[in-house]
Structures are given as structure tokens and as C-alpha cells.
Amino acid sequence: MRYIDFFMEHYGWQGAALAVVIIVLFAVQTYYYAFVYARIPKYRNDRRKRRTDNDEPEISVIVPLFSENAEFLETGLLKLLAQEYGAFEIVVVYVGLDTDFYEDLTQMRLYYPNLHTTKIEAKPHFPISPKMAINIGIKAAHYEHIILTTPDSSPRTDRWLTLMARGFTRGEIVLGYCGYERKPGLANYIMRTERFMTSVEWIASAVRRRPYRGCRNNVGFTKGLYFGVNGFGHLNMNVGEDDLFIQQIATRDNVSVVLSPRAAVVEKCWGGWKWWIDKQRFCGATRQFYPQGIRSFLRLEHGSRLLFFAATVTAMAVMPPEYKIAAAAIMLARYAIVARNVKRTADRLGERGIVARYPLYDVAGPFISIFIDMLLMRKYPSAWR
């Protein structure tokens, strides 16, 4: 009580209130980075109960292809076919009208017997959604275990499929990481770091047995689960196969999270800010259907971080010298916790070049989140059918 009286005498109720706010927000930030996100580097999938003793389940990799993508034909598809794994097939679902391109695609089957192709005629009056293309691919697949990826993604290593397939020994749903390709420039750094931290959020929730999404570039599930719920829901949307569908089929015990740099894929960046913002609006259209608990979990970290910065900067601007020193020390302590766990997580996921400039994203992140939330208030036509 004597210390409280001393504090009130020197700093007044305003200083006391500000100190309480800073301490509470520091505690919230510490909870996220030192307890929730810190589970990722320590996570071991083999601690989950084995679902099957077969370490090499047969795998069908589904790739929906909506353009005449010569780069995928010459590079991306070959990386998929070159995976060091036993029983697997690549099912490419081509949606288009270019017969020459499709013929080139089917000709590859002469050299790769485990490549299977199917074609859907693109009709302007009846647009084909990714969910419809994936559904055709799943029906055409010969194997029970399905992994989804995209033509603009490529595995980091030839062990990708082995590690993802092994995930099926621990669960009926397998979640893997996908980052953006690394390029020079600030825009690319922000895009890569935002993808990384967004992934940290859903991975941390999944390892706590509260899964709510995966990444459409690197996610798997069994046919039994898929057909057990009659396929994808929200068919009026062109998105949702990696979050709304996962929320539909996931339980506390049927999700396997595969965390290894060798099990990750890398998505190509096709542009700068405008391309990225359009992608955020497209993929973010599903957030309105997330349960309130998930949305609160996501917003609390960003909101508490923004308020923490505002409170500590205010303290360092207007309070006496010793108060300023204490506020600065708390800010540095928070960043030490953040930097340590971000580095450990980045190492676990195989991301490079994130930590050195992380203070920039640390400050900008909440504003980016607010900006994206504002954009999502308007309906994005491409996300809907």
C-alpha cells in the first residue's frame, strides 16, 4: 500500500492508469509470443497418436490449372513429379480451351505414368470455380489420401511429399506451410512477413488442437472426410477450401501439422502491392464466416500490440525521466521476447531474411491488419460466384 501511495503521489492517477495499461498489454503480448506462438518451434507431430502403421500411404496430389501456364509445364510440374516417394500420382485438372496446351500436358504422360490429366471446357456463361476443379480432381484420383497444391507453388525439396504423406499416419487432415518467394525490395519483405505471421497464427492454433484453417497451396485430407460431408461447402464462393472446409471437417484429434523446411512449398509472387492487396481481398472474403472466438483470437494480438506501442510512446513522451526509462525497458523486454520466438519459428519453417527487419513489420503489422479489415468491408466480386 505504501508503494501505491508513493506512486500516486509522484505520478498521479494518470500515471498509475498508464502504468496498469502498459503492464496489462505487455502481459497479453507475452502470452501470445512466449506461450502461444512459442509452441511452434517445440512442436513434434510424432507425439500424436498414430492413425495407421503405414508410413507410406498412397497419395494423390491435385493441381487445378486455370491458364496455359508454360512455366508450370516446364518447371513446376517436373518438381512435383520428381518427388522421392513411392506410390503417388499427380492429377492436373486443366480448365481452358487451348487444345495444343492440353495436348502438351497429356504428352508428358508418356514419360511419367503417374501423371493423370483431365480437362474441363471453360465456358463464359458457366464459370468453373477452383472448388469445382478440385472436386473433379478428387473424383478422378485413385488414392484415398489427397494433397492440394497450386500451379504457382513449388516444393522446396524433393522430400516434400514424403513428409506430408507421413503426416497422414497421425491424422486425416495434414497442414503444411507455404511462404512467398523471396525477392528484393520492401514490398516483397512485407508480403513475405505478413504471410509468415498469418501462418504462425493458424499453425499455433492447430498445434494447440484448435485448427481453423490451412493453406490451399499445401494441405491434405482423406477422401473419406471429403465425401463424408458431401464435399466443399459455400459453393457460392470461389474460396474457402483451405479454411471454411477445414473448419467443417477438423476436430481436436484428426489434424496433423507438418513443420519442416523440407515439407514447405513456395508460392510465386506475380506482382507488387496491387497484386498482393487483391489477393488479400480475395482470400480474406471468408473471414466473415469464421467463428467469433477465432476472430477475437486474431484481433487481440494486433490490437494489444498497437495499444502497447501507443501507451509506451506516450509514457516516454510526457512522463518523468525514470518513468520513461521504465517504459523503454518494458518495450525492449517485449521486443526481446518477440525477436527470439520469431527467429525460432522462422528457422523451424525455413524462412530466411525475416528477423533482421522485423521491427519494421512489428510496428506496421497492426496498421496493415486494420487496412485489410477495412478493404474486406466491401464485397470483392472475384471471391463470389
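**Exercise 1. Determine how helix 11 and helix 13 are oriented to each other, and which residues join them.**

Step 1. The axes of helix 11 (residues 292-318) and helix 13 (residues 358-375) approach within 9 Å and cross at roughly 125°. Helices here are DSSP runs of H or I with at least four residues, numbered from the N terminus; axes are lines fitted to C-alpha atoms over the stretch in contact, with angles from 0 to 180 degrees between N-to-C directions.

Step 2. Helix 11 is therefore oblique to helix 13 (under 35 degrees is roughly parallel, over 145 roughly antiparallel, 65 to 115 roughly perpendicular, the rest oblique).

Step 3. From helix 11, Arg299, His302, Arg305, Leu306 and Phe309 make the contact (heavy atoms within 4.5 Å). Helix 13 contributes Tyr361, Asp362, Val363, Gly365, Pro366, Phe367, Ser369, Ile370 and Asp373.

The model is predicted: local features need pLDDT of at least 70, side-chain atom pairs count only at pLDDT 80 or more, and totals for chains, interfaces and linings use all residues. Residues are numbered from 1 along each chain as its sequence is written, and side-chain values use heavy atoms, leaving out hydrogens and water.

**Exercise 2. Establish how many disulfides the structure holds, and assess Cys178 and Cys215.**

Step 1. There are zero disulfides in the structure (a disulfide is a pair of cysteine sulfur atoms within 2.5 Å).

Step 2. For Cys178, the nearest cysteine sulfur is that of Cys215, 4.3 Å away, and Cys178 is in no disulfide. Cys215 is likewise in no disulfide.

Step 3. Cys178 counts as buried because its relative accessibility is 0% (buried means under 20% relative accessible area, exposed over 50%, partly exposed in between, with a 1.4 Å probe and protein chains only). Cys215, at 7%, also counts as buried.

Definitions and conventions
Helices (H or I, at least four residues) and strands (E, at least two) are DSSP runs, numbered from the N terminus.
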